[in-house]
Amino acid sequence: MIKIENLTKHFDGYTALKKFSMYVNKGSIYGLVGVNGAGKTTVIKHLAGVFRGDGGKILIDETEVYDNEKIKARVGYISDDLYFFPQYNLKMLGKFYAKMYKNWNEKRFSDLIELMGLGLKRRVGRFSKGMQKQTALALVLSTIPEVLLLDEPIDGLDPIVRKKIFQWIIEDVADRKMTVLISSHNLKEMDGICDTVGIIKDGQMLLERDLDELKSEMANNKEFEHQPASLDEIFIYVYEKEARK
């Protein structure tokens, strides 16, 4: 379970998050959506323990995240700005992660590497950005995390690999009650896998709802041409409604 209460964050006089609150149920897939600069990545980096808030609370299972190695060991995090030891190959990275994470699953790692067609001996520093994103997904999913944080996770993945990755994630949610937070611009894809959605604008939460309930509420709204309304349509509607205030 993830809980953020009244989180505030400033960067050089700029307020990135303004008393931001969010709640993610255990065993759910939560989609955090917003335009560029809305604060999505800042929220995720607080949950990953990269940033420390200037106010408010960031909790996973009622425990503060920042500077807490026990919590971080249970969290899988894929950022939009990846970094690897450039001289390492995938075989070396796998051994490194196996030492760091007690639940490391070597078979899953091998299966994912095979699925993505990545060579074990080629240096990661020579990989394209898309291949590096695939590498990050293979490594993080093989740690068998209890909480999975994904910031723009599907860039550089072909449709077949993307579908299989999401199948793995959905199965982990069903089998192990893994909790997932996804930030992505691909609202169509998120519409198909997320059970809860949060819409963020200018560092504040505009709306946080169960996605099916939200669509049911929108069923009689004449502003939508088609029913049920898509997440894309709901997102635009909420943003425009807020702009009219």
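A salt bridge is taken here as a side-chain nitrogen of Lys or Arg within 4 Å of a carboxyl oxygen of Asp or Glu. In this predicted model, E217 and R209 fit that description, with 2.6 Å between nitrogen and oxygen. R209 also meets E213 through a salt bridge, here at 3.6 Å from N to O. The surroundings of these side chains can be described as well. R209 is partly exposed, at 26% relative accessible area, and its partner E213 is partly exposed too, at 45%. E217, with a relative accessibility of 49%, likewise falls in the partly exposed class.

By the same rule, the count for the model is 11 salt bridges. Among them is a network that links K3, E5 and E62. Another is formed by K107 and D111, whose side chains come to 2.8 Å, N to O. Why can these two be described in terms of a helical turn? Both belong to helix 4 (residues 106–116), and because they are 4 residues apart there, about one helical turn separates them. K107 is exposed, with 58% relative accessible area, whereas D111 is partly exposed, at 26%.

Helix 4 is worth a longer look, and a helical view of its residues may help at the bench. Its buried residues are R108, F109, L112, I113 and M116. These residues lie on the same side of helix 4, because the arc they cover around the axis is only 135°. That buried side packs against helix 3, helix 5 and helix 6 (159–176). On the face turned away from the buried side, helix 4 carries K107 and E114, which are exposed. The K107 of this outward face is the residue that forms the salt bridge with D111.

Helix 3, one of the packing partners of helix 4, spans residues 90–100 and includes M100. Is M100 buried or exposed? Its relative accessibility of 54% puts M100 in the exposed class, because that class begins over 50%. M100 joins Y83, F85 and F96 in a nonpolar patch on the surface, and together the four have about 440 Å² of accessible area.

Turning from the surface to the interior, the largest nonpolar core holds 73 residues. Which of its members touch the most others? They are F20, M22, V43, L47, L149, I169 and V180. L47 gives a view of this packing: with residues up to four places away in sequence set aside, L47 touches I2, I4, M22, I58, I60, V65, L149 and L181. M22 and L149 thus appear both in the list of L47 contacts and among the core members with the most partners.

A final site of interest is a loop. P145 sits in the loop that runs between helix 5 (129–142) and strand 7 (147–151). P145 is buried, with a relative accessible area of 3%, so its value falls under the 20% limit for that class. Along the chain, P145 and R74 are 71 residues apart, yet their C-alpha atoms are separated by 5.3 Å. R74 is also one of the contacts of P145 once neighbours within four places in sequence are left aside; the others are V75, G76, V140, R176 and M178. The loop residue is therefore buried, and it is in contact with residues including V75 and R176.

Key:
Residues are numbered from 1 along each chain as its sequence is written. This is a predicted model: local features need pLDDT of at least 70, side-chain atom pairs count only at pLDDT 80 or more; totals for chains, interfaces and linings use all residues. Side-chain values use heavy atoms; hydrogens and water are left out. Buried means under 20% relative accessible area, exposed over 50%, partly exposed in between (1.4 Å probe, protein chains only). Patches are made of residues with over 30% relative accessible area and no salt bridge: like charges are joined within 9 Å, nonpolar side chains (Val, Leu, Ile, Met, Phe, Trp, Tyr) within 5 Å. Accessible areas come from the Shrake-Rupley method with a 1.4 Å probe; for residues, only the protein chains shown count as cover. A nonpolar core is a set of buried Ala, Val, Leu, Ile, Met, Phe, Trp, Tyr and Cys residues joined through side-chain atoms within 4.5 Å. Contact means heavy atoms within 4.5 Å. The arc is that of the directions from the helix axis to the C-beta atoms.
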